[in-house]
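Me: I have a protein model open and I would like to learn how to read it. Could you take me through it step by step?

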Amino acid sequence: MYCTIAPDLWRLRDTNDDGVADEREIVAHGFGHHIAYAGHDMHGLCVGPDGRIYWTIGDKGTNVITKEGRRASAPHQGAVLRCEPDGSGFEIFAHGLRNVQEVAFDDYGNLFGVDNDADKPDEKERLVYITEQSDSGWRCSFQYMKGYCPWVDEACGSSTRLPAGVHHPASGELP
């Protein structure tokens, strides 16, 4: 069993079937390295079609030294993360998200999630098609901006502007 307890991703194993994890291993360390909104933690562990473990973190950020000794960093932004079941091959799959709670793969291996809005008036959560190495544009500082906020003013959260490649059935248009 895997679980997320910031700042770590844990692998727990019950080797004698007594309902207690007698083996506990930190698979990756370095999540949530600064204070941000409550609930912007790690979420939604799942196994991807490639057999890797996928999960998300909100905009508390990521700063991981991988088992191979490489730094993987996405400060002040949320991300989708992945690694092999043993923790090797850790990488930031996508970043620039605010706080995706869970992700889901479709039958073709495409990854989707719903990202939280910036808590601004008239703003909505947004469906995101999450591609490898993508940057969706969110930075934690947008939360505290007065006046112009790129997230809102550039219509990233608008229902009238869909993510690229998403078909709107009512209008029949692709953005």
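Reply: Gladly! Let us begin with the elements: helices (H or I, at least four residues) and strands (E, at least two) are DSSP runs, numbered from the N terminus. With that in hand, you can place Ala72 in strand β7. Keep in mind that this is a predicted model, where local features need pLDDT of at least 70 and side-chain atom pairs count only at pLDDT 80 or more, while totals for chains, interfaces and linings use all residues. Residues are numbered from 1 along each chain as its sequence is written, and side-chain values use heavy atoms, with hydrogens and water left out.

Me: How many helices and strands does the protein chain have?

Reply: The protein chain has one helix and twelve strands. Along the sequence, the pattern reads β-β-β-β-β-β-β-β-β-β-β-β-α.

Me: What does pLDDT tell me about the protein chain?

Reply: pLDDT is the predictor's confidence in each residue, from 0 to 100. Here the protein chain averages 81, and 76% of the residues score at least 70. Among the elements, strand β10 (residues 103-105) has the highest mean pLDDT, 95, and helix α1 (residues 150-153) has the lowest, 64. Over residues 157-175, pLDDT stays under 50.

Me: How do I read the pairing of strands, say β1 and β2?

Reply: Two strands pair if DSSP finds at least two bridges between them. Strand β1 (residues 2-5) and strand β2 (residues 8-13) run antiparallel and are joined by four bridges. They form a hairpin, with two residues between them. You can find Cys3 with its bridge partner Trp10 in β2, and Ile5 opposite Asp8. Strand β2 also pairs with β3 in the antiparallel sense, over six bridges; there Leu12 stands opposite Arg24.

Me: In what order do the four strands of the open sheet stand?

Reply: The order is β4-β5-β8-β9, and the pairing is antiparallel. At the edges are β4 (42-47) and β9 (91-97), each of which pairs on one side only. The twist averages 15 degrees from one strand to the next; for such angles, axes are lines fitted to C-alpha atoms, for helices over the stretch in contact, and angles run from 0 to 180 degrees between N-to-C directions. Inside this sheet, strand β5 (residues 53-57) and strand β8 (residues 78-83) pair over five bridges, with Trp55 opposite Leu81.

Me: And which strands form the open sheet of three?

Reply: That sheet has the order β10-β11-β12, again with antiparallel pairing. Its edge strands are β10 and β12 (126-130). Neighbouring strands in it are turned by 25 degrees against each other on average, direction ignored. Strand β11 (residues 111-115) and β12 pair over five bridges, and Phe112 stands opposite Tyr129.

Me: Is Ala72 buried or exposed, and why?

Reply: Buried means under 20% relative accessible area, exposed over 50%, partly exposed in between (1.4 Å probe, protein chains only). Ala72 counts as buried because its relative accessibility is 5%. For the protein chain as a whole, buried residues make up 39% of the 175 residues.

Me: Which residues does Ala72 touch?

Reply: Contact means heavy atoms within 4.5 Å. Not counting residues up to four places away in sequence, Ala72 touches Thr62, Asn63, Val64, Phe90 and Ile92. The C-alpha atoms of Ala72 and Glu91 are separated by 6.5 Å, although these two are 19 residues apart along the chain. From the other side, the contacts of Ile92 beyond four places in sequence include Ala72, Thr62, Leu81 and Gln133.

Me: How many residues are in the largest nonpolar core?

Reply: A nonpolar core is a set of buried Ala, Val, Leu, Ile, Met, Phe, Trp, Tyr and Cys residues joined through side-chain atoms within 4.5 Å. The largest one has 16 residues, and those with the most contacts inside it are Phe31, Trp55, Leu81, Cys83, Phe90 and Ile92. The elements that give two or more residues to this core are β3 (23-29), β5, β7 (71-74) and β8. Another core, of ten residues, lies apart from it; among its members are Tyr54, Val100, Val103 and Val128.
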